[in-house]
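Colleague: Before I rely on any of the labels used for this protein, I would like to go through them one by one and hear what stands behind each.

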Amino acid sequence: MFDFKKDADSDSSAGKKSSLGFGETTKSTKGNKTSLGGVAMIGPTVVIEGKLSSDEDLIIEGTVSGSISAKGHEVTVGLAGKLKADISAKVVRIEGSVQGDISGLEKVIISKTGNVLGNIDAPRVTLEDGAKFKGSIEMDPGEPTTAELPIKPVAKDNAQLFGADKSKVS
């Protein structure tokens with residue numbers, strides 16, 4: 001009555017691309033899936049202690065203690081995320097709580113629900129209205145793209161300041 005073709009269906013799907021949640025795309029080859037990149041999520045009940053390194057975007061809703069490195073990718077600390085860690089990534093978005101230094105190669109964004117205790121080093125930093133932040137911000141955009149204006153010397157006294165001849169002023 002029913003003719004199931006398990007082997008035929010798996011062979012016909014070989015080489016097809018399918019899209020998973022969070023924008024991850026995989027390529028299937030006879031049941032084996034290889035990742036072409038995407039987003040990894042650390043759920044709210046996950047606790048990680050130590051060094052976390054990623055070659056894809058991360059969404060962190062859990063608890064992380066240590067350090068996070070995602071060079072060339074984006075790290076998002078979600079509303080439920082609680083980090084006692086240093087973060088280094090291309091783009092860092094904070095919606096939860098972070099205690100540690102943040103280094104963004106491109107930019108760092110602290111949303112209105114974000115709470116950061118630590119130093120930020122990035123060429124662009126956005127603090128949304130309502131964001132909580134305590135620390136220092138170092139913004140070094142790199143090489144200036146516009147020509148620098150020459151700096152005029154500061155006048156040493158009032159006569160120089162107003163262009164008066166010092167010999168005529170008494």
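Colleague: How many salt bridges does a search of the whole structure find?

Modeller: The search finds two salt bridges, where the term requires a side-chain nitrogen of Lys or Arg within 4 Å of a carboxyl oxygen of Asp or Glu. Please keep in mind that this is a predicted model, in which local features need pLDDT of at least 70 and side-chain atom pairs count only at pLDDT 80 or more, whereas totals for chains, interfaces and linings use all residues. Residues are numbered from 1 along each chain as its sequence is written, and side-chain values use heavy atoms, with hydrogens and water left out.

Colleague: What makes the meeting of the side chains of Glu 74 and Arg 93 a salt bridge?

Modeller: The N to O distance between the side chains of Glu 74 and Arg 93 is 2.7 Å, and because the limit is 4 Å, the pair qualifies. Glu 74 lies in strand β7 and Arg 93 in strand β8, 19 residues apart, and the pair thereby links distant parts of the chain. Strands here are DSSP runs of E with at least two residues, helices are runs of H or I with at least four, and both are numbered from the N terminus.

Colleague: And what makes the meeting of Glu 106 and Lys 90 a salt bridge?

Modeller: Their side chains meet at 3.8 Å, N to O, which is within the 4 Å limit, so this pair is counted too. Glu 106 lies in strand β10 and Lys 90 in strand β8, so the pair ties together parts that are 16 residues apart in sequence.

Colleague: Why is Glu 74 called partly exposed?

Modeller: Buried means under 20% relative accessible area, exposed means over 50%, and partly exposed is what falls in between, with a 1.4 Å probe and protein chains only. Glu 74 has a relative accessible area of 25%, and is therefore partly exposed. Arg 93, at 30%, is also partly exposed; Glu 106 is partly exposed at 32%, and Lys 90 counts as partly exposed at 34%.

Colleague: How do you know that β7 and β8 pair?

Modeller: Two strands pair if DSSP finds at least two bridges between them, and 12 bridges join strand β7 (residues 63–77) to strand β8 (residues 82–94), so the condition is met. These two strands run parallel, and within β8 the bridge partner of Gly 66 is Ala 85.

Colleague: Which other strands does β8 pair with?

Modeller: Two bridges join β8 to strand β9 (residues 97–99), and seven bridges join β8 to strand β10 (residues 102–110); β8 runs parallel to β9 and parallel to β10. Leu 83 has Val 98 as its bridge partner in β9, while Ile 87 stands opposite Ile 102 in β10. Arg 93, already met in a salt bridge with Glu 74, stands opposite Ile 109 in β10.

Colleague: What makes β10 a partner of β12 and of β13?

Modeller: Two bridges join β10 to β12 (residues 120–121), in parallel, and three join β10 to β13 (residues 125–127), also in parallel. In β12 the bridge partner of Ser 103 is Asp 121, and Val 108 stands opposite Val 125 in β13.

Colleague: Which residues is Asp 86 in contact with, leaving aside its neighbours within four places in sequence?

Modeller: Contact means heavy atoms within 4.5 Å, and on that basis Asp 86, which is found in strand β8, is in contact with Gly 66, Ser 67, Ile 68, Gly 100 and Asp 101. At 40% relative accessibility, Asp 86 counts as partly exposed.

Colleague: Why is Met 139 called partly exposed?

Modeller: Met 139 has a relative accessible area of 46%, and is therefore partly exposed. This residue lies in the loop between β15 (137–138) and α2 (158–161).

Colleague: How confident is the predictor in the protein?

Modeller: The mean pLDDT, the predictor's confidence in each residue on a scale from 0 to 100, is 77, and 61% of the residues reach 70 or more. Over residues 4–36, however, pLDDT stays under 50.
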